[in-house]
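User: I would like to understand how each label in this description is justified. Please set each value against its definition as we go.

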Amino acid sequence: MNAVTFQNLPVAVNAEGDARRTGVEVEFAGLGEGDAAHLMAEALKGRARRTDSHDWLVEGSVIGDIEVYLDAAWRKSEHAALREAGLRLGRDIIPVELVTEPLDRDGLTQLASACDVLRDAGAEGSGRGMLYGFGVHLNVEIAGEDAAGITRPLLAYALIEDWLRKAMPIDRSRRVLPWTAPYPTSGVKALAKAGPEAAPREVMEIYLKRMADRNHGLDMLPLFAFLDSAAVEKATGQAKALKARPAFHFRLPDCRIDEPDWSLSTEWDRWCLVERVAVDRGLLDRLADGWLDEHGLITLSRSGWAERCGSILASAGLTADRKAA
């Protein structure tokens, strides 16, 4: 297993001074859930135990307990076409998903190495099928419950999302499926006008009014449910079903587990770039001003802002190939 490096978050600790942790969800095909659980148990020194017909638990591993199961989102999809395709094709499109406890950087490194074991055993990622659309979700603990910890990372992502999708494209299967829709222009405009110092309560109200959908590249509903479950329940009717947690639910990245040059650290770098923008107040202001200048009453194309955003980021030493100067 080849070790990889996970860079530090710009703000490495939470409000209590403890290292911020990240839960990880990885979707893939090519292996049954039982086989995947046993491989993870062997790689991470745990014990695989079946808990239901399609559910396994890897207990006592070096990175804690790991759930391994057929993805319930596909089995219970509200999208009729996907649900029917799932019934016809079954395991050909329903991924196995592994879900970890919140991990520190060392835990992320160990998980990345275990993913190499899954790849060697035949795990398949996003690019291996038109209906796969498999992703990696990072549940990154917030640094705090203030504007610096919540508003600025959300605003940073909203402002650079078009550029992220162009500079680091996700697989076509995930662009055509409904799981990772971009934020609507109206929502980004409201966030940009509110600005980096807006209170989390204010940006939560914007989000719940204009983009309260789980199927975004950055899903804020679990975090907002942690902050105010009643408000989320009133706006969406989903709070009771959410896993409320003090973490960003970053679900944009692909799972390319079958590709030898891919690693979880690749997707971690995407999020680190978002947070590097968030901590640079001058850069964040330039991006917000540029976004508002670029978008009039009607936005016909996102490509113009993606290019302009890339130029602004490059002037600050941030690019797709070199995340920080």
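User: What makes the contact between the side chains of D228 and R201 a salt bridge?

Analyst: The closest nitrogen and oxygen of D228 and R201 are 2.7 Å apart, and a salt bridge is defined as a side-chain nitrogen of Lys or Arg within 4 Å of a carboxyl oxygen of Asp or Glu, so the pair qualifies. Because D228 sits in the loop between α9 and α10 while R201 belongs to helix α8, the bridge ties together parts that are 27 residues apart in sequence. Helices here are DSSP runs of H or I with at least four residues, and strands are runs of E with at least two, numbered from the N terminus. This is a predicted model, in which local features need pLDDT of at least 70 and side-chain atom pairs count only at pLDDT 80 or more, whereas totals for chains, interfaces and linings use all residues. Residues are numbered from 1 along each chain as its sequence is written, and side-chain values use heavy atoms, with hydrogens and water left out.

User: Why is D228 called buried, and why does R201 count as partly exposed?

Analyst: Buried means under 20% relative accessible area, exposed means over 50%, and partly exposed lies in between, with a 1.4 Å probe and protein chains only. D228 has 17%, so the residue is buried, whereas R201, at 43%, is partly exposed.

User: Which residues of helix α8 are buried, and what covers them?

Analyst: In α8, residues 200-210, the buried residues are P200, V203, M204, I206, Y207 and L208. Their cover includes α5 (147-167), α7 (185-194), β7 (218-219), α9 (221-227) and α10 (229-236), where contact means heavy atoms within 4.5 Å.

User: What makes R308 and E294 a salt bridge, and which parts does the pair tie together?

Analyst: The closest N and O atoms of R308 and E294 are 2.9 Å apart, so the pair meets the salt-bridge rule. R308 lies in helix α13 (residues 303-315) and E294 in helix α12 (residues 281-294), so parts 14 residues apart in sequence are tied together. R308, at 31%, is partly exposed, and E294, at 34%, is partly exposed as well.

User: How many salt bridges does this rule give, and which residues are linked in a network?

Analyst: The count comes to 16 salt bridges, and R152, E197, R281 and D285 are linked in a network of them.

User: What makes a space a cavity rather than a pocket, and how many cavities of 30 Å³ or more are there?

Analyst: On a 1 Å grid over the protein atoms alone, a cavity is a set of points where a 1.4 Å probe fits but cannot get out, whereas a pocket is an open set with protein on both sides within 12 Å along at least five of seven lines; lining residues have an atom within 4 Å of a point. The structure holds two cavities of 30 Å³ or more. The largest has a volume of about 50 Å³, and A158, E161, D162, T185, V188, W291, H295 and R302 line it. The second largest cavity holds about 40 Å³, and helix α4 (residues 105-120) gives the most to its lining, with four residues.

Definitions and conventions. Points joined across faces, edges and corners; volume = space filled by probe spheres on them.
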